[in-house]
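User: Hi! I'd like to go through this structure with you and ask what lies behind some of the labels.

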Amino acid sequence: SSGRTSFYEQYGVIRDVLQNHLTEALMFLTMELPANVSRAEEVLQSKLQAFQSLRGLEKNSAVLGQYQAYASQVQEELQKPQDYISTTPTFAGVLIHSDSLRWEGVPFLLTSGKALDERVGYVRVLFKNRAYCTQSETLRDAEHSQCKAKQIIFYIGHGVLNMPAVLVSRNLFRPVMPEGTWREAAGQSDLHIFGQPLSDYYVYSPVKERDAYSVLISNIYHARKDFFITTENLLASWGFWTPLLESISHQPLRLYPGGVENQHLLDFEMVSGEVAFTLAEPVELLNPNRLMPSDYRTIQSKFRQSPLVSAWSEELISHLASDIEKTASRTVAQSGQFHLALSGGSSPVVLFQRLARHHYAFPWKHTHIWLVDERCVPLTDTESNFFSLHNHLLQNVRVPYFNVHPMPVHLNQRLCVEEDAGTELYAKEIMALVANASFDLVLLGVGTDGHTASLFPRSENGLEGAQTVVLTESPVKPHQRMSLSLPLINKARQVFVLVLGKGKHDITTLLSRVGHEPRKWPISGVSPSSGQLVWYVDYEALLG
């Protein structure tokens, strides 16, 4: 609507509707019912717990659009120049998952937009249908046919019904509504809701309709805090939405004409944990001057005499995840098992998420997971590499429990004490299970100082010698670490090094020029004696 343009141009549809209104509806839908529904504290606590079980959003969790007339509206109302391009989305569809046991595997779609074909608000719960109807539908009482969609719709207002209502499919159950406040509504036979005649539903509407602001003010007077949000819930909400908002700030928007003309242009579908528009974008709506990431292509294909894969970070992670899966499948076919050693730090987190969500054919059942390094903190500490690995990967894939090998940093109620011989324990476990102590694949990262694993410049241990697992000192907290040694890493059949982000540009440039000097730059000492080394470096690290 005009008059709101300056506000809207700053905020867009996600901040305007999804982060607050739709998120609140989602919380009411997914929260566990507290023991005492009338205690505000318990309700708020349940909502917060529902929040904490939501899976983080990625760039591909959303589809975005902008109606065509919006740009000229902005130019006109905000006196912007003719060449001003607005990147504000006016339409968004977002796919959300919860890791709570009740909602595991259930997709939640939050959608809102301007200039669609109708103004309507609803929460629609569509149940999986387990029925299979052998005979023709006309032979049965259609109202109770088990093969029709089964759904509960909380109709908030506007749209064809133009009133708040609760609709329950007649083939699901007959709801029991609070007496005195809700009544069964007589259905208008010619109306259709989500493709079904109104007569297919039990329909209930409030006895006394009140507008939203009356309800709001009444709740303030009666101190009903459960209808509002606490600071903690607000911070949780922004914590959840901000990473998505940052990742889509430069994402191209699908242009749509508005109203009925949109037809199927904004339809989207879920594909392995992501969403994408169903139809290709019509050529006439595309912005001809828009450069897409695929327009940039890598120049070099070697780095430090080894193969180099480079791309924008998202494409790079996708490529790396596929290469790990191919290596795993090939190795399992050859030897029956796959020994994978993974590094800690922030770079692999996106990779772990990718592997967990998009690689259903990965041979997890035959994979052993080892750690390249660990911080000397309890495994349940958020600083622990194992904690991060568990959070982002292990709890979402089916790796047999006995194939997971955390580093024994916590023995005899103390951390990384030499005489507890944690390093020898891990070395023995590797010798017992990994043929020739030669891992099938080791994934490494690089620090800005050139460290890799937990092998730091001028490290006393681990850069040479016979020890395979060592205790080391990090210049940053937590200082004590356990790490695989460089000689052990170099026995691996394959080593992949992942380097992401602008912050790594200087060290990447330096590494492209220096030789084998592990005491100065431990990563420069990585060169598998009979295996292959591959570098995965994103454009930001490579080109700055």
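Analyst: Happy to help; below we take confidence, one helix and one sheet in turn. Please keep in mind that this is a predicted model.

User: How confident is the predictor in the chain, by pLDDT?

Analyst: On a scale from 0 to 100, the chain averages a pLDDT of 90, and 94% of the residues score at least 70. Residues 287-299 are another matter: pLDDT stays under 50 there, and the model has 14 contacts beyond four places in sequence for them. Where pLDDT is low, the predicted coordinates should not be read in detail.

User: How do you know what span to expect for helix H9 (residues 422-433)?

Analyst: The expected span is 1.5 Å times one less than the number of residues. H9 has twelve residues, for which 16 Å is expected, and its first and last C-alpha are 17 Å apart, close to that value.

User: What makes one side of H9 the buried side?

Analyst: Buried means under 20% relative accessible area, and in H9 that holds for Gly422, Thr423, Tyr426, Ala427 and Ile430. They cover an arc of only 135° around the axis, so they sit on the same side of H9. The face turned away carries Lys428, Met431 and Ala432, which are exposed. Among the elements covering the buried residues are strand S17 (367-371) and helix H10 (486-489).

User: Why are S3 and S11 called edge strands?

Analyst: The sheet is open, with four strands in the order S3-S2-S1-S11. Strand S3 (108-113) and strand S11 (254-256) each pair on one side only, which means they are its edges.

User: How do you know that S1 and S2 pair?

Analyst: Pairing takes at least two bridges; strand S1 (residues 62-67) and strand S2 (residues 91-96) have four, in the antiparallel sense, so they qualify.

Terms used:
Residues are numbered from 1 along each chain as its sequence is written. This is a predicted model: local features need pLDDT of at least 70, side-chain atom pairs count only at pLDDT 80 or more; totals for chains, interfaces and linings use all residues. Side-chain values use heavy atoms; hydrogens and water are left out. Helices (H or I, at least four residues) and strands (E, at least two) are DSSP runs, numbered from the N terminus. Buried means under 20% relative accessible area, exposed over 50%, partly exposed in between (1.4 Å probe, protein chains only). The arc is that of the directions from the helix axis to the C-beta atoms. Contact means heavy atoms within 4.5 Å.
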